[in-house]
Amino acid sequence: MSLTVQYLITGLIAVTIGYALFLFILKILPKKLCDENLRQKEDVLKEASKQRDSILGSANDSAAETLQLMQDELEEDIQESMEALKLEEQDLESREEFLSTEQSRVDRLLASLNKKNEQVSVLESEYNIGLVKVSESKQKLISGLEKAAECDSQHIKEKIKNKIIDFRQLECQKTLRLLMEELDLSARKRAERILNRTLARYTPDFTWPKSINTVEISDKNILEELQNPNCTLLQRLKALSEAEIKIVTPEEENRQTAVVRLVSGFGPYREAAKNTLIEMIRRGKNSWGQAEQVFDGYKKNIEQECRRLGNKAVNELKLGGIHPEIQMLIGSLYWRTSYRQNQWHHTVEVSMLAGIIAHELGIDSDAAKRVGLLHDIGKAIDYRIEGSHAVISGDYADRFGEEKVICDTVMSHHSDLIVETPLAYVLRVADTLSGARPGARVNLEEGYQIRLDAIAESIRSFQGISDFAIMNGGREVHVQVNHKKVKENEVRSLTEAIARKIEADVAFPGQIKVMVSRQFESVTVA
């Protein structure tokens with residue numbers, strides 16, 4: 001047999017075997033696998049049925065036990081509820097019995113109340129009838145008393161009431177007077193203690209410098225030259241210093257020598273003019289043309305001295321924030337006097353006293369020293385500004401940055417502004433102490449009275465004056481005119497005329513304020 005045939009036979013056998021395997025795999029094997037699966041499924045179902053029966057049996061047993069327990073508990077709850085219900089029924093029955101008893105008691109009380117109300121109504125009617133009778137009897141009694149006394153009862157009531165009120169007022173006034181006396185006595189004692197402590201703490205170590213505003217002219221030739229109308233030395237000095245310069249001959253004031261008197265004006269410039277005049281007299285007539293240069297030299301030196309004195313005052317009092325212009329005014333007070341008292345020393349003294357008094361009273365001593373230092377700066381320039389020096393002082397203090405309370409207190413120390421504060425009273429007391437201290441001022445009572453008499457005489461010289469008052473130490477004049485003799489449009493001219501008359505006839509320091517009022521009143525009685 002050839003190889004080809006063998007190959008063919010071998011291939012055919014392989015194909016046949018492959019087909020047979022294919023048929024086995026395609027038909028016979030799936031059937032066998034399906035039968036096996038069915039058999040396994042039946043086994044699983046049998047096992048599951050057994051487990052189900054076991055679980056159902058266990059569940060039935062557990063449910064039966066639980067049901068039995070719940071039935072037992074329910075029976076117990078029902079038994080307890082029945083017992084509680086019986087107790088509630090018993091309590092309700094007892095309450096119904098109590099309510100029935102209370103209802104009967106309330107009915108009895110209502111019946112009693114109705115009886116009482118009937119009795120009250122009867123009594124009210126009787127009471128009202130009694131009130132009417134009492135009122136009628138009272139009215140008859142009052143009428144009888146009025147007829148017997150021949151007066152009105154209302155008038156008697158008012159009289160008694162007024163008498164009681166007057167008595168009470170009198171008692172209150174007595175009590176108030178006693179309290180005021182005790183308060184005044186206590187205040188006086190305390191004030192004396194404070195003043196004594198103040199004076200004990202303050203011991204001035206200076207002497208009052210004597211101000212000299214006159215230059216003696218012993219040389220007759222110099223006097224004649226100064227009196228010569230063609231001599232302009234005094235006029236130039238007057239223009240430079242703004243001071244009033246007057247030659248006083250021996251005959252005018254019973255003097256041995258003639259003098260040149262410098263008054264008013266700015267104190268430092270007046271002092272420079274005086275020194276310049278002395279220098280010019282010493283140098284001789286030929287150098288009088290250099291008066292202006294000499295005056296400027298003295299003026300610069302004195303201005304430097306003013307700044308030094310102002311700074312000295314501020315440093316001694318340990319105050320800060322004082323403006324340089326204010327310090328300049330304070331220093332210039334060294335050449336200003338009041339009742340011959342040097343005003344720079346007076347200002348520093350008032351400031352020190354105010355600080356001590358404020359410390360004794362427990363108030364701000366720095367503020368007290370400040371108002372004391374500023375209270376008289378207006379006196380340095382009151383020759384060219386109209387008004388009270390206290391108002392000028394306060395105004396200048398306000399211009400240079402001082403607080404309002406300081407400025408108002410400065411204005412109040414001569415009552416130009418009413419300020420009722422402890423600081424204002426401290427300033428007034430310190431100012432009074434400085435002026436009243438022995439040796440501080442020269443007694444000028446006689447001259448003061450002469451000045452007041454001269455002012456009064458000047459005012460009386462005018463027609464239509466009905467009344468006048470000289471106030472504030474001769475610094476103010478209040479004039480009342482008759483409205484029939486002085487017309488309204490004549491008041492201003494009359495005021496100016498009175499002021500000019502006082503200027504011409506009266507010698508006085510500073511300024512005098514003239515106030516003229518014209519009052520018209522119409523009164524009618526209805």
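The following exchange asks how several labels in this predicted model are earned.

Biologist: Why is Ile13 called partly exposed?

Modeller: Its relative accessibility is 47%. Buried means under 20% and exposed means over 50%, with partly exposed in between. So Ile13 counts as partly exposed. Ile13 sits in helix H1, residues 3–149.

Biologist: What makes Ile9, Ile13, Ile17, Leu21 and Ile25 a nonpolar patch?

Modeller: Patch residues need over 30% relative accessible area and no salt bridge, and nonpolar side chains are joined within 5 Å. Ile13, at 47%, passes the area cut-off. Together, the five named residues, Ile9, Ile13, Ile17, Leu21 and Ile25, offer about 460 Å² of accessible area on the surface. As for spacing, an α-helix has 3.6 residues a turn, so residues three or four places apart point the same way.

Biologist: Why is helix H12 described as mostly covered?

Modeller: Helix H12 spans residues 404–411, and 6 of its 8 residues are buried. Buried means under 20% relative accessible area. The buried residues are Ile406, Cys407, Asp408, Thr409, Val410 and Met411.

Biologist: What do the buried residues of H12 pack against?

Modeller: They pack against helix H10 (365–374), helix H11 (389–399) and helix H13 (422–436). Contact here means heavy atoms within 4.5 Å.

Biologist: How do you know that S1 and strand S3 pair?

Modeller: Two strands pair if there are at least two bridges between them. S1 and S3 (residues 258–263) are joined by 4 bridges and run antiparallel. One example is Thr214, whose bridge partner in S3 is Arg261. The open sheet has 3 strands in the order S1-S3-S2, with antiparallel pairing. Strand S1 (214–217) and strand S2 (244–248) are the edge strands, each pairing on one side only. The twist averages 15° from one strand to the next. Helix H6 (residues 267–283) packs on this sheet, touching S1 and S3, and its direction makes about 15° with that of S1.

Biologist: Why are strands S6 and S8 called edge strands?

Modeller: Their sheet is open, with 3 strands in the order S6-S7-S8 and mixed pairing. Strand S6 (465–471) and strand S8 (513–518) each have a single partner strand, so one side of each lacks a neighbour in the sheet. Neighbouring strands of this sheet are turned by 15° against each other on average, direction ignored.

Biologist: What makes S6 and strand S7 partners?

Modeller: The cut-off is at least two bridges. S6 and S7 (residues 476–481) have 6 and run antiparallel. Met471 has Glu476 as its bridge partner in S7. Helix H15 (residues 491–505) lies across S6, S7 and S8, at about 150° to S8.

Note on methods:
Residues are numbered from 1 along each chain as its sequence is written. This is a predicted model: local features need pLDDT of at least 70, side-chain atom pairs count only at pLDDT 80 or more; totals for chains, interfaces and linings use all residues. Side-chain values use heavy atoms; hydrogens and water are left out. Helices (H or I, at least four residues) and strands (E, at least two) are DSSP runs, numbered from the N terminus. Axes are lines fitted to C-alpha atoms, for helices over the stretch in contact, and angles run from 0 to 180 degrees between N-to-C directions. Patches are made of residues with over 30% relative accessible area and no salt bridge: like charges are joined within 9 Å, nonpolar side chains (Val, Leu, Ile, Met, Phe, Trp, Tyr) within 5 Å. Accessible areas come from the Shrake-Rupley method with a 1.4 Å probe; for residues, only the protein chains shown count as cover. A salt bridge is a side-chain nitrogen of Lys or Arg within 4 Å of a carboxyl oxygen of Asp or Glu. Buried means under 20% relative accessible area, exposed over 50%, partly exposed in between (1.4 Å probe, protein chains only).
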